[in-house]
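Subject: Handover of a structure and findings

Dear colleague,

Please find below the structure that I am handing over to you. My findings follow directly after it.

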Amino acid sequence: MAFFVHAVVPGVTTEQYDKLNAALQQMPGVFDGCLAHACVPTDDGLEIFDMWETEQQMNAFVEKMMPVATEHGWPETGVAPRIMRIHNHWVPGAAG
């Protein structure tokens with residue numbers, strides 16, 4: 001079952017996001033199970049939207065990502081991301 005994650009990250013800039021993303025891109029397998037990702041800048045920081053194949057893959061990513069985010073100066077928000085089970089999803093133009 002797929003999962004949708006919505007994280008609100010106040011106080012983080014797109015520059016900080018880009019540095020974290022570049023570091024994560026160097027980690028083999030870190031994105032295994034990620035079906036889609038989007039980062040949206042807001043007046044207060046960022047909002048991040050992910051879709052994961054399974055909860056286990058999502059949790060494995062978080063375990064790998066959080067220490068790297070801390071190393072790159074991302075603040076602790078104290079607010080857990082919103083995690084929702086996906087009933088259905090599709091990609092326009094994709095087979096199946």
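I begin with Glu-63, which is exposed, its relative accessible area being 63%. Please note that the model is a predicted one. Glu-63 belongs to helix H2, which covers residues 55-71. Along the chain, Glu-63 and Phe-3 are 60 residues apart, and their C-alpha atoms are separated by 17 Å.

Phe-3 leads to the strands. In S4, Phe-3 has Arg-85 as its bridge partner. Strand S1 (residues 3-10) and strand S4 (residues 82-85) run antiparallel and are joined by four bridges. S1 is also joined to strand S3 (residues 45-52), again in an antiparallel arrangement, and here there are eight bridges. Within that pairing, Phe-4 is found opposite Met-51 of S3.

Next come the aromatic side chains. Three aromatic pairs are counted in the model. One of them is formed by Trp-52 and Phe-61, with 5.1 Å from centre to centre and 35 degrees between the planes. Why is this pair tilted? The label follows because the angle between the planes is 35 degrees, and tilted pairs are those that are neither under 30 degrees nor over 60. Both rings belong to residues that are buried: Trp-52 has a relative accessible area of 1%, and Phe-61 has a relative accessibility of 9%. Trp-52 and Phe-61 also belong to one aromatic cluster together with Phe-31.

Finally, I turn to charged side chains. Side chains of opposite charge can pair when their charged atoms come close. How many salt bridges does a search of the whole structure find? The search returns one. Its partners are Glu-15 and Lys-19, whose closest N and O atoms are 3.8 Å apart. This distance meets the criterion because the cut-off requires the nitrogen to lie within 4 Å of the carboxyl oxygen. Where do Glu-15 and Lys-19 lie with respect to each other? Both are in helix H1 (residues 14-25), and because they are four residues apart there, about one helical turn separates them. As for accessibility, Glu-15 is exposed at a relative accessible area of 53%, whereas Lys-19 counts as partly exposed at 49%. Lys-19 falls into that class because exposed residues must be over 50%.

Yours sincerely

Terms used. Residues are numbered from 1 along each chain as its sequence is written. This is a predicted model: local features need pLDDT of at least 70, side-chain atom pairs count only at pLDDT 80 or more; totals for chains, interfaces and linings use all residues. Side-chain values use heavy atoms; hydrogens and water are left out. A salt bridge is a side-chain nitrogen of Lys or Arg within 4 Å of a carboxyl oxygen of Asp or Glu. Helices (H or I, at least four residues) and strands (E, at least two) are DSSP runs, numbered from the N terminus. Buried means under 20% relative accessible area, exposed over 50%, partly exposed in between (1.4 Å probe, protein chains only). Rings of Phe, Tyr and Trp (its six-membered ring) pair if their centres lie within 6.5 Å; planes under 30 degrees apart count as stacked, over 60 as edge-to-face and the rest as tilted. Two strands pair if DSSP finds at least two bridges between them.
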